[in-house]
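Work through the exercises below with the sequence and the structure at hand. Each task is followed by a solution in steps.

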Amino acid sequence: MRTSRQVVDYSLQKRAVLRDVFAGRVGTYDVCDASPYLKNAARFHGEPTEQRCPICRSENLTHVHYIYGDELKQSAGQARTLAELPALAMTLREFQVFVVEVCLGCDWNHLVEQFLLGRDGLAEGGPEQGAAEAATAATQGRRREAQR
Ligand SMILES: [Zn+2]
């Protein structure tokens with residue numbers, strides 16, 4: 001997504017977990033522990049992917065997007081479909097998105113990535129932003145200029 005920033009990727013951690021599972025150091029029951037809430041979120045708000053589950057290899061993974069942030073008030077911590085995120089990003093200044101992959105077959109689940117969305121990313125650094133954030137916004141602005 002165009003306004004996503006401060007992306008944290010968790011693929012290294014995931015690979016480490018899978019290595020431990022395949023080496024027999026960790027049981028599948030320890031990593032295939034999706035809660036009923038997570039599975040419901042995957043069913044109703046999840047984004048189907050073409051990726052096979054690394055554990056059972058019989059189902060495709062579903063991505064669930066959880067949103068967090070003060071501006072969300074009682075919606076904080078809820079799952080949202082991918083299609084709902086751009087509208088939220090236009091109305092809110094800043095919120096955090098956590099992407100979790102889940103297998104509805106064997107209950108495997110793992111954090112995929114986290115990132116920030118919101119209007120703040122489009123500004124050239126407001127007065128409330130820290131120096132680093134302002135610099136990032138400025139860089140993104142320049143990149144947008146360059147693409148024009
Ligand atoms: Zn599975």
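**Exercise 1. The zinc site**

Task: Find which residues coordinate the zinc ion, and state how the site is arranged.

Solution. This is a predicted model, and the values below are computed from it.
Step 1. The zinc ion is coordinated through the SG atoms of Cys53, Cys56, Cys103 and Cys106. The distances run from 2.2 to 2.3 Å.
Step 2. The angles among the 4 donor atoms are 105 to 116°. Four donors count as tetrahedral if all angles lie between 85 and 135 degrees, and the site of the zinc ion is tetrahedral.
Step 3. Along the sequence, the donor residues follow the spacing C-x2-C-x46-C-x2-C.

**Exercise 2. Two of the zinc donors**

Task: Decide for Cys53 whether it is buried or exposed, and classify Cys56 by its relative accessibility.

Solution.
Step 1. The cut-off for buried is under 20% relative accessible area, and exposed begins over 50%.
Step 2. Cys53 has a relative accessible area of 0%, so it is buried.
Step 3. Cys56 has 27% relative accessibility and therefore counts as partly exposed.

**Exercise 3. Lys14 and its partner**

Task: Locate Lys14, list what it touches, and describe its salt bridge.

Solution.
Step 1. Lys14 is part of helix H1, which covers residues 11-22.
Step 2. With residues up to four places away in sequence left out, Lys14 touches Gln51, Glu101, Trp108 and His110.
Step 3. One of these, Glu101, forms a salt bridge with Lys14; the closest N and O atoms are 3.0 Å apart. The pair links distant parts of the chain, with Lys14 in helix H1 and Glu101 in strand S5, 87 residues apart.
Step 4. Lys14 has a relative accessible area of 17% and is therefore buried. Glu101, at 2% relative accessibility, also counts as buried.

**Exercise 4. Other salt bridges**

Task: State how many salt bridges the model has, then describe those of Arg25 and Asp120.

Solution.
Step 1. The count comes to 5 salt bridges.
Step 2. Arg25 pairs with Asp20, and their closest N and O atoms are 2.9 Å apart. Arg25 is exposed, because its relative accessible area is 59%. Asp20 has 26% relative accessibility, so it counts as partly exposed.
Step 3. Asp120 pairs with Arg93, with 3.0 Å between the closest N and O atoms. This pair links distant parts of the chain: Asp120 is in the loop between S6 and helix H5 (131-147), and Arg93 is in the loop between H4 and S5, 27 residues apart.
Step 4. Asp120 is buried, with a relative accessible area of 13%, and Arg93 counts as partly exposed at 29%.

**Exercise 5. The nonpolar cores**

Task: Identify the largest nonpolar core and the elements that supply it.

Solution.
Step 1. The largest nonpolar core has 11 residues, including Ile67, Leu72, Leu85, Phe95 and Phe115.
Step 2. At least two residues of this core come from each of helix H4 (85-91), strand S5 (95-102) and strand S6 (109-117).
Step 3. A second, separate core has 10 residues, among them Cys32, Ile55, Leu61 and Trp108.

**Exercise 6. The surroundings of His65**

Task: Place His65 in its strand and name some of its contacts.

Solution.
Step 1. His65 lies in strand S3, residues 60-68.
Step 2. Its relative accessible area is 5%, so His65 is buried.
Step 3. Apart from neighbours within four places in sequence, the contacts of His65 include Glu47, Gln78, Leu82, Leu85, Val97 and Val99.
Step 4. Leu82 is 17 residues from His65 along the chain, and their C-alpha atoms are separated by 6.9 Å.

Definitions and conventions:
Residues numbered from 1 in each chain as written. Predicted model: local features only at pLDDT ≥ 70, side-chain atom pairs only at ≥ 80, totals over all residues. Heavy atoms only, no water. Core = buried A, V, L, I, M, F, W, Y, C linked by side-chain atoms within 4.5 Å. Buried < 20%, exposed > 50% of the residue type's maximum accessible area, 1.4 Å probe, protein only. Helix = DSSP H or I, 4+ residues; strand = E, 2+ residues; numbered from the N terminus. Contact = heavy atoms within 4.5 Å. Donors = N, O, S within 2.8 Å, 3.2 Å for Na, K, Ca; no water. Tetrahedral: all angles 85-135°; square planar, octahedral: opposite > 155°, others 65-115°. Salt bridge = Lys/Arg side-chain N within 4 Å of Asp/Glu carboxyl O.
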